[in-house]
Amino acid sequence: MTKIRKISQTIRSKPTIEGAGVHLHRAFGSPRDTKLFDPFLLLDDFRSDSPQDYEPGFPWHPHRGIETITYVLKGTVWHGDSMGNSGEIGEGDIQWMTAGSGIRHQEMPQGDNDGRMYGFQLWANLPQSHKMIDPRYQEINQKQVPAVTLEDNVHVRVICGEVAGVRGPVENVVIDPQYLDITVPPKKRFVFPTTRGY
């Protein structure tokens with residue numbers, strides 16, 4: 001029997017400035033949010049049509065004991081880290097970084113030809129037993145992300161996890177996350193079952 005969970009709270013994102021002066025909207029990420037969203041620590045929407053809002057970027061900074069997941073919708077983000085990884089992710093690409101015992105990195109956004117820079121960054125807490133694992137980095141090109149079309153023309157890009165027998169390209173993550181980009185047509189409904197306790 002399918003049990004539909006009720007919405008317990010609606011939260012509006014808040015304008016926030018991060019890095020060297022990047023203007024973004026934070027859906028959650030304050031210490032008071034920890035119990036409500038655990039194991040997720042932060043969710044930022046860095047959507048802007050004004051280069052001055054994002055070009056200052058996120059110069060070198062450290063992370064430890066978490067995973068940072070960046071999903072770019074428009075524009076590009078150049079990145080580099082203390083393990084020697086460097087490159088650029090663009091529209092539809094994903095950067096999945098496991099900080100583990102510690103890593104330093106930088107992320108420098110650039111807009112597309114129209115000056116648009118859209119994307120999300122999610123921070124996930126690592127379990128206590130894995131806080132000090134070796135850091136690692138996965139860069140996923142949008143062409144590597146499989147897409148599934150379900151009933152009522154619901155379109156799902158499977159980044160991590162599985163939908164309708166199709167697995168996403170992000171693998172070997174400590175927990176068992178599902179990271180999906182779901183497009184639901186107007187006036188249609190999509191129900192996605194989740195494992196109890198997730």
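**View 1. T68 sits in strand β5 of this predicted model****.** Welcome to the first close-up, where T68 is found within β5, the strand that spans residues 66–74. T68 counts as buried because its relative accessibility is 0%, where the cut-off for buried is under 20%. If you set aside the neighbours within four places in sequence, the contacts of T68 are H63, Q95, W96, M97, H105, Q121, L122 and W123.

**View 2. Four strands make up an open antiparallel sheet****.** Reading across the sheet, you will meet the strands in the order β4-β9-β6-β7. The edge positions belong to β4 (58–63) and β7 (86–89); each has a single partner strand, so one side of each has no neighbour in the sheet. From one strand to the next, the twist averages 25°.

**View 3. Strands β6 and β7 pair in the antiparallel sense****.** Here we zoom in on one pairing from the sheet. Strand β6 covers residues 76–81 and pairs with β7 over four bridges. For a handy landmark, look for G80, whose bridge partner in β7 is S86.

**View 4. F28 and F37 form a stacked ring pair****.** The model has four aromatic pairs. In the pair shown here, the ring centres of F28 and F37 lie 3.9 Å apart and the planes meet at 5°, so the two rings are stacked; the cut-off for stacked is planes under 30 degrees apart. F28 has 9% relative accessibility and therefore counts as buried.

**View 5. Y71 and Y179 meet edge-to-face****.** With ring centres 6.2 Å apart and planes at 80°, Y71 and Y179 count as an edge-to-face pair, because that class takes planes over 60 degrees apart. This pair links distant parts of the chain: Y71 belongs to strand β5 and Y179 to strand β16 (residues 179–183), with their positions 108 residues apart in sequence. Are these two residues buried or exposed? Y71, at 5% relative accessibility, counts as buried, and Y179, at 14%, counts as buried too. Ring pairs also bring in W96, giving a cluster of Y71, W96 and Y179. You may remember W96 from the first view, where it is among the contacts of T68.

**View 6. A charge sits over the ring of Y118****.** To finish, have a look at R47. The charged end of R47 is placed over the Y118 ring, 4.9 Å from the ring centre.

Notes
Residues numbered from 1 in each chain as written. Predicted model: local features only at pLDDT ≥ 70, side-chain atom pairs only at ≥ 80, totals over all residues. Heavy atoms only, no water. Helix = DSSP H or I, 4+ residues; strand = E, 2+ residues; numbered from the N terminus. Buried < 20%, exposed > 50% of the residue type's maximum accessible area, 1.4 Å probe, protein only. Contact = heavy atoms within 4.5 Å. Pairing = 2+ DSSP bridges. Axes fitted to C-alpha atoms, helices over the stretch in contact; angles between N-to-C directions. Phe/Tyr/Trp six-rings, centres within 6.5 Å; stacked < 30°, edge-to-face > 60°. Lys NZ or Arg CZ within 6 Å of the ring centre and 35° of its normal.
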